[in-house]
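Hi everyone, thanks for coming. I'd like to walk you through a structure I've been looking at, so let's put it on the screen.

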Amino acid sequence: MPVTSPLTRRGALAAGFGSVLLPAGLSAQAPAAKPSELKIGITTFLSGPASVFGVPGRNAAEMLAEEINREGGIGGVPIRLFFVDEGPGIDHLVGEFRRLVQNEKVDVMLASISSGSCLACTPLAEELRKVTLLWDCGTQRIFEEGSYKYAFRSQANSTPEMMAPLLYLLKHKPDFRSLAVVNQDYAWGRDSWELWKAAMDVLKPGVRVVAELFPRFGATDFSAEVTRLLALRPDVVLSTSWGGDLDTFIRQSAERRLFERSTFVLPLAESSLERVGRLLPPGHIVGSRGDHWHQHPRPADPAALQRFVANYRRRFNAYPIYPTYHMAQAFSALRAAYAKATAANGGNWPSDVQLAGAFPGLEFDSPTARLRIREDGQALEPQLIGTTAQDDRFPFPIMDRMVVFPPETIMPPVGQKSLDWIRTLTADAVSRVPDPVRPAG
Amino acid sequence: MGEWFEQNGALLGLALLDGIASAALIFMVAVGLNLVFGVLRVLNVAHGSFFAIGGYMAASIGLLMTAVGLPPWASFAALLLAAVVTGAILGPLIERFLLRRVYAEESVLQLLVTFALFMILEDLQKIVWGVQPVSFGGPVALMGTVDVPFAGDVIPYNAYQVILLPVVALLTLGGLAWFLRRTLAGRVIVAVTLDREAATAMGIDAGRVFLLTFTFGAVLAALGGALSAPTASLVPGVGASTIVLSFAVVATAGLGQIEGAALTALMIGIGRSVAVTFEPELEVVVPYLIMVAVLLLRPQGLFGVPETRRI
Amino acid sequence: MRGLRRAEILIALLLAAAIVLAAFSTPWLRFVLTVALAKGVAVLGILLLLRAGQVSFGHALYVALGAYAVAFLAPRVPEAALLLPLAAVVAGLVGTVVGLFVSRYREIFFGMLNLALSMVFYSVLEKLYHITRGTDGIRVPAITVLGQPLEGSSYDWAVFAMALGLALLFGLLARAYLASPVGQALAAIKTRETRLDFMGVSPRRVLLSAYVLSAVMAGCAGAVIAMATRHVTPLLAYWTASGELVFIAVLGGAGGVLGPFLGAATFELVRVYAAATVADAWGMILGAVLLLVILFARGGLWGIVAARLGRRRAA
C-alpha cells in the first residue's frame, strides 16, 4: 500500500482548484464518521541546512506509516502522509498548513522542526481547530506562555534538554572553573545558552565565562573560534550546535587538539556521531535531545528498540538519529490517542474535539520509554546523557557512563516558567542526579 | 594604544593568521566571480552552486580514491580533479546553452537566468549527494599541524589552512596577473573587459572569450569548494551563503579587478577573525560594513575605474 | 497603445473579480492570494526601479521592516488602519535615508549595496535576540480592523480586502507615476543618464523618488504579510527573499503594472503545486519555470497577455 502517491495528491489539489468554479460550502466540519483513510500532514525541513534533521524525520515517517498500514492502520484506518517543507519561510508554511487542513482535509498535523515554525503553527492549529502534534521543535515558550486545546508536544523541550547535560557535568566534573560557549547564532543557540547560564549561575556560581561566541548559522569555518578557545584554555567548552556546523567544529577542534585542553559538552552530538566518527575522542559529554540512542542501556522494550534501529538501518543505511525517534514518538502518541478517544466515544470514531481531549494525561511508548503528556500539553520525556568512549564494534564513539534523567526532576511543573523555576533550584538537584546505568549485557 | 598592543598584540597575531587562511578561501571563490563579471557583465548567482558542487565532487572523488587504495597524497589530486571536472562540464554547458541566448538582453534577465540555475542546481545537488553533511578530511590530516608559540604555550594550526591555502591563493593571484598581462589570450580578455565594442570591432571573437572566461570562472569556484571540503562540511544551502559573500567581495573590489578581490578578501578575512577575538557579535556583519565603507569612499570599488559617462 | 492601457484596466478588474471568486470558493486560496497580492505590491516597487534599469537585491529589507513594524507596534496600536500607514512611514523613512545613499550608485553597486543593507538588517534581527526573539520570530497579536475585533475567516477576509485594495491603489499610483514626467525620466536613466543632466533634471532625485515609493510599497506589503501570517521572522529579510521579488518581477513581466500581480500569483501557485507534487524539489521546478519564461517569453506573463491583445486588435 503506497503511503503517498503524487498523482492522487495532484488530483486532490486539482479538485481544490476546480472548486474555484463551483459554489462554496466546503468549509463545514467533517462529521465524525470513520474515514476511509487517516490523513496526516507533516511539516519538516526538506531544504536548507536543517534538512539534516528534516529528511531523516520524513524517512522515519514513511517507514512507520508503511509499518502501521501493513498492520491495518490506526484503528483499522490506513494512514496517508502529506509533507510540507519548512525551508521557504513562514508565509509558505502557514499557507500550506491551511491548504492541508482546509483543502486536503487532513485529520492531524505534525508540526515543525524549527521553533519559529511551531510558534506560528500552534495558534493556527487553535484557530482551525485541528489537532496538531509538535513533533520536534524545542522552544519551551509554547506551553509556558500560552495554553492550547488542540496543540500538544510529544517530546521534551529546551529546558530539560539543557538541564540534563548541565547536571551531568556538575556531577561528573564538578571542579571546572571556566567555560566558553560556541553556539549557532539563531534562536536555539541563544535560548539554550540563556537556560544553561541561568541554571549554572544558581547551581555553581562563580564559573568564569571566558568567551560567548555565536558564529553565523551555517558557518563553514571555525578556525578563529578554535584559536580563541586554544588561547583561553577554558575548562569546559559548551556547544549546542548541530548538523554541518557541529561536524566542522568537531573536526577543526580535533585537528588542532582542542579536545586535549578542554572538556566538551555537546548536547546534540548524538546526531553527528556516525559522521564524525573517531575524530571525536573519548571523555566528552554528549546528549541526544531525549533518551534516544541505539545502544540505550535500559530501554523499556529492548526488542522494540532493536526492531526500530534494524529497520531504519536496513532502509536508509544509517543509524537512526534523534528526529527519527521523535517522529516515532509522535506516531505512537497519535495511535494511543485514537485508541483512547475511540474507547471514550463508545467505540466510535472520534471527532477533532474528542481526539484533542484524549491527549492530556495520555500515556504512550517511545522506542525506549513510556511517556506521558501533561495537562498543559507538554510531554514528559527522559533525557540520556553520556560520555564518549571507544568500542571496537562501532566505527564511531559510543556513549559510556550513561545517565537517564527522569523528566520530572529536570523541568518546571505545570504552570511555572523555566527561568523562574531555575531560580528555585538548589545544590540538591545535583545530588539527586541518578547513577550511570550499566548496559544490560 | 601602546599598552593595548602589549596586552593584545599576540592575540592580534593569532587573529591575523586565521584571517589570512580564511581570506585565501574567500579570494579563491570571489576572484572567479569577479573575472566572469568583468568580462561577461553577468553577475553569476550560480557561482555559489559551482562552489558547492566542486566541494561535493572533491569529497566523492577523494573518498573513492581512498577506497580503491591510492596513496594519501592522491587526495590533493582529488581536489584539483574535482574542480576541473566540475568547471569543465558545467561551465561550457551553461555558457553555450543558456547565457549565450541572453547576452543581448537586459542585465536583470541575465542575472535571473543564473538565479534560476542556482535554484535548479541547489535541488540537483540535494538529489545527488543527499542532505547529510559531507566532508573529506584527508589532506588536512596528511599535512598535520604547525605549532605557533603563544604566551609560553603553543597554539596548533592546521598546516593545510595556514600554509597550503595561502600559497594556492598567491599562486592563483600571481598566475592570473601574469596570464592577463603577459599572454595574448589574457590581453584579449582584458581588452574585452575594458571595452567590449572596441574589442570586437578589432576582430576579437567575443564568443570564445566569454566561453573560456566563464569556464575558467567555474573552475575557480569549484576549486574554492574543493579546497574547503577538507576543512568544512558541505550541507544544503552552503552555496547560498557563499555567493552572498562573494557578491560583497566583487562590489567592494571593483569590477573585474583581481588585485582588488585579493585585497578585499584579505580585509574581510582578517576583519572577521579580529572580530571573533575582540568583538564576536560583529563578525557576521564585517563583510557588509567593509563594503559600505569602501563604496562610500570609492564609489567604483577599491580598484575600479570610473566608467566614462556615455552621452 | 492607448487601447492597451484601457484594456489594462479592464483586465485588472476582471483579474480582481477572479481573485475574489477564487478566495471565496477555496478558503486556503484566500490566504495564498493575500500573500500573493502583498508580494505583488512589493514587486510593483521593484518594477519602478527596473524602469530605471536598476535591480535592487535587497528590497526584502523594506518588506521585513513593514512586517516588524506591525509586530512591534501591534501591542500598542492594535488597529490595522493605523498599523498599515505606520508601517508605510517606517519603510518610507528608512527608504529615504538609504535612498539618499544608494541613489548615487548604479547597476551592480546599487544592487549589492541594497543586498548588503538587507543582510545587515537580517543580522541585527538575529543579534538583538532579546528584543526580536531571533529566528523564533514575533507573534502578531490580535488586532482590530476599522475598530472591529474580527476573528477567524472574517479577519482573513479583512486582510484579503486590504491586500486587494492596496494592490489596486498602488497599481493606479504606479501607472500615474510612470506616465508622469518623473516616471518618463526613469527610463532615461536606463538608456542615457547624461541626457537628463543636460535637461537640468537630477537623475539622483528621479531615482530617489522611485526608490522611496518602492520602499513604501514594500513596507505596506510587509505589513499585510505580517497581518496575514500573524508571525514574523528574520527570514523575511534574507537575500533570497529579495531575489524572489526580482524573480516575480521578471516572471510577471516588467512591461505593465499588472505584471507583478500575475507574476506573484503564478509564483505562489506554482510553488504550492510544486511543493505538493515533489515536496523536496520545488526549487527546481520554480527555477525551470523562470528559465522557460526568460528564454521563450521575454516580456513575462504580462508580455504574453499584451501580445495576444495586440494581435486581436490588429486582426
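How far apart do the C-alpha centres of domain 1 of chain A and domain 2 of chain A lie? The answer is 28 Å. Before I go on, please keep in mind that this is a predicted model.

Let me stay with chain A for a moment. Domain 1 covers 33-156 + 302-377, and domain 2 covers 159-288 + 382-431, so to speak two segments each. Where the two domains touch, 17 residues come from domain 1 of chain A and 19 residues from domain 2 of chain A. On the domain 1 side of that contact, you'll find 8 nonpolar, 5 polar and 4 charged residues.

Now, turn to the sheet in chain A. Five strands line up there as β2-β1-β3-β4-β5, in an open sheet with parallel pairing. At the edges sit β2 (79-85) and β5 (151-153) of chain A, each of them paired on one side only. From one strand to the next, the twist averages 20°. As a reminder, strands in a sheet pair through backbone hydrogen bonds, and that can be parallel or antiparallel. For a closer look, take β1 (residues 38-44) and β3 (residues 108-111) of chain A: these two run parallel and are joined by 4 bridges. If you'd like a residue to click on, G41(A) has M109(A), in β3(A), as its bridge partner.

On to chain B. The UniProt record, an unreviewed entry, places "transmembrane region" features at residues 20-43, 50-70, 76-95, 102-121, 159-180, 209-228 and 234-253 of chain B. I picked two of those stretches to show you. Residues 102-121 of chain B are 75% helix and 0% strand, with the end C-alpha atoms 19 Å apart. Residues 234-253 of chain B are 80% helix, again with 0% strand, and there the end C-alpha atoms are 27 Å apart.

Finally, how do the chains meet? The contact takes 35 residues from chain B and 32 residues from chain A. On the chain B side, the elements giving two or more residues are α1 (2-40), β1 (145-150), β2 (153-158), α10 (238-253) and α11 (258-278). Which of them gives the largest share? That is α1(B), with 6 residues. By class, the chain B side has 18 nonpolar, 14 polar and 3 charged residues.

That's my tour, and I'm happy to rotate the view if anyone wants another look.

Definitions and conventions: Residues are numbered from 1 along each chain as its sequence is written. Chains are lettered from A and ligands numbered from 1 in the order in which they are written. This is a predicted model: local features need pLDDT of at least 70, side-chain atom pairs count only at pLDDT 80 or more; totals for chains, interfaces and linings use all residues. UniProt positions are given in the numbering used here, feature names are shortened, and annotations may be inferred rather than shown by experiment. Domain bounds come from an automatic or database domain assignment. Two residues are in contact if their C-beta atoms, placed from the backbone, lie within 7 Å. Ala, Val, Leu, Ile, Met, Phe, Trp, Tyr, Cys and Pro count as nonpolar, Asp, Glu, Lys and Arg as charged, and the others, Gly among them, as polar. Two strands pair if DSSP finds at least two bridges between them. Axes are lines fitted to C-alpha atoms, for helices over the stretch in contact, and angles run from 0 to 180 degrees between N-to-C directions.
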